[in-house]
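Q: Could you take one part of this structure and walk me through it slowly, as you would for someone in a first year of study?

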Amino acid sequence: MSFIDSLRTSWRELSNRNAVDDDLEREMRFHLEMESAANRAKGLDAGAARRKALIDFGGVQRHKEEVRDGRALRWFEDLLVDLRYAMRRLAHAPAFALSAVVILSLGIGSASAVAAIVDQLLRRSMPYPEADRIIFATEATDKGEAMLTSWPNFVDWRQRSQSLTQLSAFTTQANEAMVVAGEAIRGTTQQVSADFFSVFGVVPIAGRLILADENRRGGAPVALVSERLWRSQMSAAPLTPQSSVLRQGRRYQIVGVLPGSFSVITHADLWIPARQTPVEVRGAGNYSVVGRLHDNVVIDAGRAELNTIARALKSEYGDASVSKAVVLTSLQDQVVSSARRPLEILLGASRFLLIVAAASIAMLQLARGHSRDRELGVRVSLGAGRVRILRQLLTEQLVLALSGAAGGIAVAAAAILAVRRFGAGLLPRIDELHFDQRVIVGAVVAAIGSVVLFGILPTLRLARTPGKLTAATVRGDNSARSFSLFVGLQSGVAVLLLCGAALLVSSLYRVLTTDLGYNRAGVVAVTVPLTGERYNDMARRISTAEEIRSSLAQLPGAGDVALTSQVPQQRGGNRGPILIAPFGNPDVQSSWASIASIRVVSEKYFDLMGIQRLQGELLRDADGPESRKVVINRALAKKLWPNADPIGRQLRALADPKADTLTVVGVVADAHDWRSAEGAQQEMYLLVQQRPQMAWQMNAVFRPTANVDATMSEARRRIRQIDAEMSPIIRTLDQAMDETIADRQFIGGIVVIFAAVVLLLTIAGVFGMVAYVVQRRTREIAIRIAIGASRREVWFMVQRGVIAAALVGCVAGVIGSLQFSKLLAALLYDVSPNSPAVLGAATVGVMAVIGIAASVPALRAVRIPPLLAMRGE
Amino acid sequence: MPAAPKDVLQGTLDLLVLKTLSLGPMHGWGISNRIRQLSADAFQIGQGSLYPALHRLARKGLVSSEWRASENNREAKYYTLTASGAAALGVEIGQWTSFAQKVALVLSATELPA
């Protein structure tokens, strides 16, 4: 018989199950009648003849079952029956079914959403041809810390390297003001050198790329825009010669649109040509470098060669060149490394949540065990086989698991949407997240896995016990032990996640409340670009800055207005090594030189920002453009002259466009950038007039005493009066601060939510366990009370198990969190990852909550009337 | 009859059923009756066991079945040997005979072979 025939038979049997059974019934009846007739013919009376026929036949039902067992799809028929039965049972316990499905959905949903996000962000390779051959390189300090690369060094790398091809430099400015189609928006600009796009083989979806000529000095100002910007701001209209974007006072013609999938390190909205300009000095890094490895060149060879080139450049140019080392990684690793930590934390937290969810389901089932034991006992005594019962119980688990998986998939889809929506900009490539079939597979695997782990254990016990109902049922020993295991697990994870949440939250609290060395309260920053043809004239730049300052100072209640190229927490600006006198002495330089960033400010800046003067004097506007005075911060002073008075000392900054020899006149307190892991950044301050070259971006800061919102909109109007094309970014420093902590808030928020859910489940678990013990032992407790047990004894008796389990769990949780917090360390500010206060508080908190949860059902136990002992069931 | 391994018993029953049907189409009771007669009541198999065997053979396509009027003019399910059933019977008979001969050989041995 062919396979098809066999399938057909199976199908017929399945679809006409009743007809087939009927057929068998008739066939057997015919047999018995014939046999009875034969027996009567031998002289038996009708009754005896029939009896003998039945005896000889040997069990009509048994043989029918045997015939049915022979059917190919018997297992499937049973499955249908079991499924129907499982549905009916779950429908009879809607509270149980609903809570089980909700808990599972939350656990599975969060775990599979996070897993999908991590997978997509970390593991998926970039959508470029031979993406693994794309490298990312920058100059590095002697200690191997990455710095930005200067243009002259980049040009030399490109000329000398044999192992790398298509080397190109780019620099990213986030949060820039730009005007597209008449509307001011904020976006991220990447300034890129020639060859940049060929590294990635990217093809514009409209228009063209930047031409080689446009990357040369004096080339036409052109720009490419992202697909997102094109669709949102330009309604995806065809590009015309009139399509343009206004940025830093300069108009760029939009010549092409890049696909949404294209992003290098960070998502950009605008790409413009980077060109060799006179300000590019060998000592000042501004660029990151990407390129491709030549065929047959391994990445280590490329790294070694670039380091050799860097050493050669250092010996050729001496002090003028910053570094003699290069860090070179694959671009993929570079993209991933920044996002890895936070994602690993989320991954860990979501898995813990899933484990606790599964444990909660197991406990729910244990709590239902009582009624279950009886039902199963009845079924076993009616002749149900052990395997059959096991299968039926497993089917019930399967129904739960699949419902949980379905719910989980919905939760995961919603979570991915939410992360895309609210997480944009916090993690690289977050806007590429999507829901795919791996989420479904992951959810189903997680559901079945958790049910196998935590559903099968109690199921096996149930299937084993029905034979000897009494002992196990009455004492409930097995369940109590399983309960302890799960309570321990839950409380351990609760401690662990609560520790993590507490660390993240207290770190955020520290960031917001700690003294960062300046006072941002009430400060409004008006950020304007001062670049483009209009402001290439330095005198014009200074006069405009001054005009803005005095215009804002006339606002009612504005008070003093100060200027600065970068407010604290704002990055960017020239950064490079400092040389100290006596210059040209290599011993002094190599041992003392240090890297600092240069900020230009006006006189009132320190006062207005509350940055304390520690030594010497401050800069004065009256000092004028030719002043050689410099103020340094404490971190730089300590670094350059650890044991000497810095006042009156001389230094030169390689990142200084004028490269003057400057005299230190004062030392101010550090204005901390809390994100910096190494502590305070080293900084030096010059007057705006001294270095207008560095004032291409200017912040006017002031502390309005009156209505802040009105002042901010009035400030915008006044800026427009000065330059109609200028689109300032106006916000308070508190808002700016919120943006810098947004990613930590995001991670912290999720861990807090996870910890809260786990704590809730733990409370439910502990409550359930004690309630279960009380229910099982009600009569025993009544007897004990009747014969004189004190309430205290009862109180401790019912809680003993749960408290012991929770204590063991908490200890394990503390040990686990010592590991977990290692992951967190990089995200923490001013909080030790092993802070005993946090660990202690989390443990005590969890134990307190567990104690309360346990005492509610325990109170009921204490109040059991002794009379109950005398009543029957 | 002494207890025999189930598959041997089952195989034997299948062989007897096929052999019986090779003499002509027959219904279940008729098959069981005929096996009893032919074996001189040697096989005291519960008559009900016949039905799982018949359904098993039908599933394998060795017999086909149809409802038609019986000799006493009642509806009965008649089984007929199919072509593949006849072929299978030939093979089974060959195997059984060879098996029986080997067993006989062992039983008739009087001394160990050199």
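A: What follows looks closely at the nonpolar interior of chain A, and then turns briefly to a buried loop residue and to a sheet in chain B. Please keep in mind throughout that this is a predicted model. The largest nonpolar core has 100 residues, and those that touch the most other members are Val487(A), Leu497(A), Ile747(A), Ile781(A) and Val798(A). Taking Ile781(A) as an example, and setting aside its neighbours within four places in sequence, we find it in contact with Val774(A), Val794(A), Met797(A), Val798(A), Ala861(A) and Ile864(A). Another core, of 44 residues, lies apart from the one just described, and its members include Ile598(A), Ala637(A), Leu640(A) and Ile722(A).

A polar residue can be looked at in the same careful way. Ser627(A) sits in the loop that runs between β15 (613-616) and β16 (629-633) of chain A. Its relative accessible area is 8%, and because this is under 20%, Ser627(A) counts as buried. A polar atom of the side chain of Ser627(A) lies 3.1 Å from the backbone nitrogen of Lys629(A).

Turning to chain B, three strands make up an open sheet in the order β1-β3-β2, with antiparallel pairing. Its edge strands are β1 (26-27) and β2 (63-69) of chain B, each of which pairs on one side only. Strand β1(B) is joined by two bridges to β3 (residues 75-81) of chain B, and these two strands run antiparallel. Within this part of the sheet, His27(B) has Tyr78(B) in β3(B) as its bridge partner.

Definitions and conventions
Residues are numbered from 1 along each chain as its sequence is written. Chains are lettered from A and ligands numbered from 1 in the order in which they are written. This is a predicted model: local features need pLDDT of at least 70, side-chain atom pairs count only at pLDDT 80 or more; totals for chains, interfaces and linings use all residues. Side-chain values use heavy atoms; hydrogens and water are left out. A nonpolar core is a set of buried Ala, Val, Leu, Ile, Met, Phe, Trp, Tyr and Cys residues joined through side-chain atoms within 4.5 Å. Buried means under 20% relative accessible area, exposed over 50%, partly exposed in between (1.4 Å probe, protein chains only). Contact means heavy atoms within 4.5 Å. Two strands pair if DSSP finds at least two bridges between them. Helices (H or I, at least four residues) and strands (E, at least two) are DSSP runs, numbered from the N terminus. A polar contact is a pair of N or O atoms within 3.5 Å; within protein, one must be able to donate a hydrogen and the other to accept it, and residues adjacent in sequence count only if both atoms are side-chain atoms.
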